[in-house]
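Open the structure in your viewer and keep the selection tool at hand. We will go from the axis outwards to the interface.

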There are 2 protein chains.
Amino acid sequence: MSWKRDRPEHPRGYHHGNLKEELVRAALGLIGEKGPNGFTFAEAARLAGVSPAAPYRHFRDRDELLADVATRGFLAFEAALTRAWDQGRPDPETAFQRLGRAYLAFAHDEPAYYSAMFEAGVPLDASPELRAAAERAFAALRQSAEALIALLPQGKRPPALMMALHIWAMSHGIAALFGRADGGRRPLPMSAAELLEAGTLIYLQGLGIGGDGPASDD
Amino acid sequence: MSWKRDRPEHPRGYHHGNLKEELVRAALGLIGEKGPNGFTFAEAARLAGVSPAAPYRHFRDRDELLADVATRGFLAFEAALTRAWDQGRPDPETAFQRLGRAYLAFAHDEPAYYSAMFEAGVPLDASPELRAAAERAFAALRQSAEALIALLPQGKRPPALMMALHIWAMSHGIAALFGRADGGRRPLPMSAAELLEAGTLIYLQGLGIGGDGPASDD
DNA sequence: GCCCCCATGTTAGCGCTCTTTACATGAGCT
DNA sequence: AGCTCATGTAAAGAGCGCTAACATGGGGGC
C-alpha cells in the first residue's frame, strides 16, 4: 500500500510500539515546516508509517494532538525559563535579561512548540494538563518579576502580576512580529533579542530598576 | 440545488453583480466567528449564494482572498490610528495614549481584520498592495513615536524606529494574549486597555517622557 | 505452556473542501 | 439585432477528518 514506507527504518510488525510519541514528533516537524495549519493528521500518520486511521487510537481528533503538543511545549518552555532565571543569580537584573533571551530563543528555536502554544488557537482548557502547564510557565515569569520588584523600596512597588504581563506581552509581541527565522514580515535594524533587551531595559528604567538614569542614545 | 438560498434576499439573475465585495464581507463574518482557519472558500460562496466555483473568478485562491481582507484591514487600521493620533493634539502624550487605545479597540472590535492581518499567516508580500498598506500603518505608528521623541532634549533621543517597534510589540502582545472578546485564555486583574496604558506610561517614563521625569529621578 | 482478550493497527467509506475544466448565460458595445 | 467576454454553473479528481467494521498479535490469567 502506498502509505507504507518502502523500507521502514525500524522494521516492525503489525503493531508500531511507540506510535503516540512518533505522531507528536511528526506533528512538531510539520508544524515547524508549514505552520500550525499546514499540519495534517493524515500526513503525520504517513510520516509515522501507519495508516491514516491509526492516530485515532491515540488522540480523539486532530485538536487533541495539537493540545498535547502545546502541553509539551509549555513544559519545555517553563523548564527553559526556569533554567535561564537560575534563581536570580548572579543578580536579578542580569538574570532577567537572560530570561528574556531565553524566551526569544525558545520561540525561535522551537517554532513548532511556540506555534502550538500561542498561535494555533488551542483553547487553554482543552485539557487540565494544558492549563496546568501554561500556568506553571507563567508562574516562572511572575516569580522573576517579583524578585525584581523586591529591589524597589516599599511604596514604589508595582503589582508583580502587571509587570509580568507587560514583559510577557512585549516578549510575545516581538516573537510574533519579528522573531521568525525567515524574517518573513519586516526587516529590522536590530535583532529581535536586542530589541527585547532594549525594551526591557527601558521598561525597568521606567519602574526605577537598574541603570543610573534614563536610557539615552550612544 | 442545495447550495442555493431558498429565497434569496435580493433576488438576482444568473449574474450576481457585486460578488467580490460580498465574498469579502462573507469572509470577514466567517473569520470573525470561527477564526482565520474556520473560514472556508466554499462557505463564503454559500453565504453569497453562488456556486463553490464562482469565487475563483475573483480570487486566484483562498489565500488571495485572505490577502485582500488583510489589505483592507491594514487600510482601516491605518485610518483608525491616524484618526486617534489626530496630529498629536492636544499634546503628544495624550494623543499617544489615545493611539494605544485605538490599537486595542481595533483588535477588539475588528477581530476578523486583525486575524487576517497578523494571525492568519498571510505573507506580507502576497501582493504589493498588502505590503504598501502594512507599511503605511506602521508609518503612522512611527510618526507618533517621532513626535514624542522630539520632546526629549537632543542627545537623549532613542531611535524612533526602535521605539515604534517596542510600542507595536507591546500592543500586539497584549492584543494577541489578552485582547480577545471571549477572554479565552487568561483572566486579567485589569482590562487590556488599562494594561497597555500602564505599560506605555512605564515605558515612556523609562525614556524620560511624561509624568515628572524618570522614576529614578528624585 | 496455552489461550483468549483487547489494545492497537487496517480497510472501506461518507461527507466535506479546494481547485480545475468545460460549458452556460446574459449585459453592454457596436 | 448580434457578438463578445466577463461572470456564473456543473462536474469531477484529489486530499482530509472522522467512523465503523474487521484483523493481528502481545501479554496476562489459567
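Start by selecting A:Gly206. Among the residues of chain A, A:Gly206 comes closest to the rotation axis, at 1.7 Å (C-alpha). This is a predicted model: local features need pLDDT of at least 70, side-chain atom pairs count only at pLDDT 80 or more, and totals for chains, interfaces and linings use all residues. Residues are numbered from 1 along each chain as its sequence is written, chains are lettered from A in the order in which they are written, and side-chain values use heavy atoms, without hydrogens and water.

Next, superpose the chains. A turn of 180 degrees and a shift of 0.0 Å along the axis lay chain A on chain B with an RMSD of 0.1 Å (least squares on the C-alpha atoms of residues with pLDDT of at least 70 in both). The two copies are thus related as by a two-fold rotation axis. The same surface serves both: 93% of the contact residues of chain A recur in chain B.

Now select the interface. 44 residues of chain A are in contact with 44 residues of chain B (heavy atoms within 4.5 Å). Together the chains bury about 3,700 Å², 65% of it on carbon and sulfur atoms (accessible area, 1.4 Å probe, lost on being put together, summed over both). Pick A:Arg185, A:Arg186 and A:Ile202: they supply 18% of the area that chain A buries against chain B, more than any other three residues.

Finally, look for salt bridges. The rule finds zero across this interface (a side-chain nitrogen of Lys or Arg within 4 Å of a carboxyl oxygen of Asp or Glu).

Note on methods:
Buried area is the accessible area (1.4 Å probe) that two parts lose on being put together, summed over both.
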